[in-house]
Amino acid sequence: MSAHAAHADHHSDHEHGHGHGHDDHHHHDPGFWKKYVFSTDHKTIGIQYGLTAMAFLAFGFYLMMVMRWSIAYPHRPLPEWMAWIFTDTWKARWLVDGKVTGETYNMFGAMHGTIMVFLGIVPLGFGAFGNYVTPLQIGAVDMAFPKLNMTSYWLYLLGGLTMCLSFFMESGAAKSGWTNYSPLAGFADGQIVNQWLAGQTQWLIGLVLLISSSLLGSVNFVTTIINLRARGMTWMRMPFFVWAMLVTGFLLLLAFPPLEAAGIMQLMDRVSHSSFFMPSGLFSKSEGLADLSGGGSPLLFQHLFWFLGHPEVYVLLLPAIACVAEIIPVNTRRPLWGYKAMVYGVMTLGFLSFIVWAHHMYLTGMGPVVSTFFQTTTVLISIPSVILLTSMIISLWGGSIRFTPAMIWACAFLPMFGIGGLTGLPLAFNLVDLHLHDTYYVIGHFHYVVAPGILFGLFAGVYHWYPKITGKHMSKFLAHLHFWPSLICMNLIFFPMLTQGMAGFHRRWYNGGDAYMPSGEGSTNVFSLIVEKHIDLNILMSMAAWAMALAQLPFVINLFGSLFFGRKVENDNPYDATTLEWATPTPPGHGNFLTEPSVYRGPYEYSRPDCEDDYLPQWEEPKREAGAVPAASELPGQASTHPSAH
């Protein structure tokens, strides 16, 4: 359906009295269930994604706090303020004398990673912000396939609940790491008679549902952005946010199917005794020689997993960069510096992310030629990332910066993401990675990217678009109370990890290295002495993690409290911004725009010398003297018929 047809269709809707606005809903009120639960409106679905993702993030955070207790205080039982969530039977099954066991630690570790990545950050960045903001920014009435959009959310919720409910099964949840490598994941929970009821199997079923959800979402985004742009919204007039979402859509579309295949194959290995990933001759202490058909390749699973796993990192990252790239121009009153370079950079990033996956697998003995190829591509992919980061830093230079809550989060994102990226560079090299692989250095590196990086960018987005979504302003005081402790705690949690990692602390020690402590006075075991030197950092990091939990309380109060007590938004464009989402009513009604939007210029026209105001919105018609012929560049072209027009 072309953009024009969509708008024509929507206009006929408006003439019959159920287009947008606040008052025309009485013609056909869809009822509570259709409007808020099984809604096909991209805005409601965006809010559903956002709230669900935040709930999962909170749960994933809780699992991490229990793990940090086990690492910091391996000889003490779990304190009541953390253990109250478990039932007595659960405690009896998974805690020994109230202490976290290695098995429980592995379970929480695997689920922490899975929940944070697949159930938290992707749905918050791509599902929530992508759904809510993208159609508004391109001037569309809704997504191209509203029912697919709804299906995508419900599959996500179903997949997430399937994974999390497995905690209550006899086997507990999955415990083979968030990567679920075979043959370990093939054997896990083998004592369960009905394999369908094993946590490891439930994890795979959940994964297949989540991937299906992401594929429906990505098809929808790509189609929407290509087909439903408003008149005049040529490619190079799209806000950077939309470009980032387009690339993210393609990444999901191309990278997730291999993992879906791998998930189904691993499922077959578990329930119907095939051997896609199970090699011959496997021997275990408890069972002796494994009774398998054999002949499978465990390495194949790693390849399929990381072929998704690396583009996935950019699926996490791009929505956060997209939010920051929208927030910086509005709050510096300057155009986004290097917009075209950023657009080409983000496309290059998308392409390169498909040819770096084996840098996660240097320890599999791939030989110098292949590892040299992956070293090279991994170093190359840092170039587009640096282009994006540098462009955003230069955008700050010489601007009259407004330090709004969204802006302080966006500014903090830049150095934090920078640290995350720079600590990853040494890992690109095969030789260095031999030493650092699976140590806390790796944990420190990618958590710097994901937690103080990506999450800060997404928090910035929440503060930035909240007035448009709800019609209320968030409290500035609570925003600062949320920001400063979070910034300090993030660095206290993750910076010591880099030190510990270089000292050789392994990421899967459930007792934080306690077992490696020197046995007596005058021990000459070099490794024990190194562990003894750095083990106290565990307590610092754990304290910071619990403080970090407290720092999120002002955010929760702000998020829900502002709905009732927040200052009302005075006009539809409270920030004097230039992109199309600020041309809608606040909050936008069904159908988004009151009149059909036309786009006359690029997305970041701030502080133009020939303009009275310090901003010139995309939708404002150019002023002309009577009788003057409009220049070709001022006429809104038909975006979907001139995709190549710049």
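This is a short talk on the cores, helices, salt bridges and backbone details of the structure above.

Good morning, everyone. Please keep in mind that we are looking at a predicted model.

Let me start on the inside. The largest nonpolar core has 187 residues. Those with the most contacts inside it are Leu78, Phe108, Met111, Phe240, Met392, Phe413 and Ile454. I would like you to find Phe413 on the screen. Leaving aside residues up to four places away in sequence, Phe413 touches Leu317, Ala320, Ile321, Val324, Met392, Pro452, Gly453, Ile454, Phe456 and Gly457. Met392 and Ile454 are also on the list of residues with the most contacts in the core.

Next, helix H12, residues 339-352. This helix has 14 residues and reaches 20 Å from its first C-alpha to its last, close to the 20 Å expected at 1.5 Å a residue. Which residues of H12 are buried? They are Tyr339, Met342, Val343, Gly345, Val346, Leu349, Gly350 and Leu352. As a reminder, an α-helix has 3.6 residues a turn, so residues three or four places apart point the same way. With that spacing in mind, have a look at Tyr339, Met342, Val346 and Leu349, which are among the buried residues. And what covers them? The cover includes helix H10 (240-271), helix H11 (298-332) and helix H13 (368-396).

Staying with H11, that helix also holds Phe305. Phe305 counts as buried because its relative accessibility is 0%. Apart from residues up to four places away in sequence, Phe305 touches Trp178, Thr179 and Leu259. There is a long-range pairing here too: Phe305 and Ala262 are 43 residues apart in sequence, but 7.3 Å apart in space, C-alpha to C-alpha.

A second pairing of this kind involves His506, in the loop between helix H17 (476-502) and helix H18 (526-534). His506 and Ile443 are 63 residues apart in sequence and 9.7 Å apart in space, again C-alpha to C-alpha. The contacts of His506, not counting residues up to four places away in sequence, are Asp438, Thr439 and Tyr440. At 28% relative accessibility, His506 is partly exposed.

Now to the charged pairs. How many salt bridges does the count come to? Seven. I will show you three of them.

In one, the side chains of Lys175 and Asp189 meet at 3.0 Å, N to O. This pair links distant parts of the chain, 14 residues apart: Lys175 sits in the loop between helix H7 (146-165) and helix H8 (184-187), and Asp189 in the loop between H8 and helix H9 (199-227). Are the partners buried or exposed? Lys175 counts as buried because its relative accessibility is 13%, and Asp189 is buried with a relative accessible area of 6%.

Another joins Lys43 to Asp41, with the closest N and O atoms 3.0 Å apart. Lys43 and Asp41 are buried as well.

The last one I picked is between Arg608 and Glu605, with a closest N to O distance of 3.0 Å. Salt bridges that share partners join Glu605, Arg608 and Asp610 into one network. Here the partners are partly exposed: Arg608 has 28% relative accessibility, and Glu605 has a relative accessible area of 21%.

Let's move out to the surface. Ile47, Leu51, Val556, Phe560, Leu563, Phe564 and Phe565 make a nonpolar patch of about 730 Å². Helix H3 (42-72) and helix H20 (553-565) are the elements that give two or more residues to the patch. The largest share, five residues, comes from H20. One of the patch residues in H20 is Phe564, which counts as exposed because its relative accessibility is 63%.

I'll finish with the backbone. Most residues other than glycine have a negative phi, and most peptide bonds are trans. Where should you look for exceptions? A cis peptide bond joins Ser182 and Pro183, with omega about 0°, and Pro183 is in the loop between H7 and H8. Another cis bond joins Thr586 and Pro587, with omega about -15°; Pro587 is in the segment after H20.

For positive phi, see Asp97, near 55°, in the loop between strand S1 (95-96) and strand S2 (99-100). Asp97 is exposed, at 65% relative accessibility. Asp576 also has a phi near 55° and lies in the segment after H20. With 26% relative accessibility, Asp576 counts as partly exposed.

Thanks for listening, and I'm happy to rotate the model for anyone.

Key: Residues numbered from 1 in each chain as written. Predicted model: local features only at pLDDT ≥ 70, side-chain atom pairs only at ≥ 80, totals over all residues. Heavy atoms only, no water. Patch = residues over 30% accessible without salt bridge, like charges linked within 9 Å, V, L, I, M, F, W, Y side chains within 5 Å. Areas by Shrake-Rupley, 256 points an atom, 1.4 Å probe, with all protein chains shown as cover. Salt bridge = Lys/Arg side-chain N within 4 Å of Asp/Glu carboxyl O. Helix = DSSP H or I, 4+ residues; strand = E, 2+ residues; numbered from the N terminus. Buried < 20%, exposed > 50% of the residue type's maximum accessible area, 1.4 Å probe, protein only. Expected span 1.5 Å × (residues − 1). Contact = heavy atoms within 4.5 Å. Core = buried A, V, L, I, M, F, W, Y, C linked by side-chain atoms within 4.5 Å.
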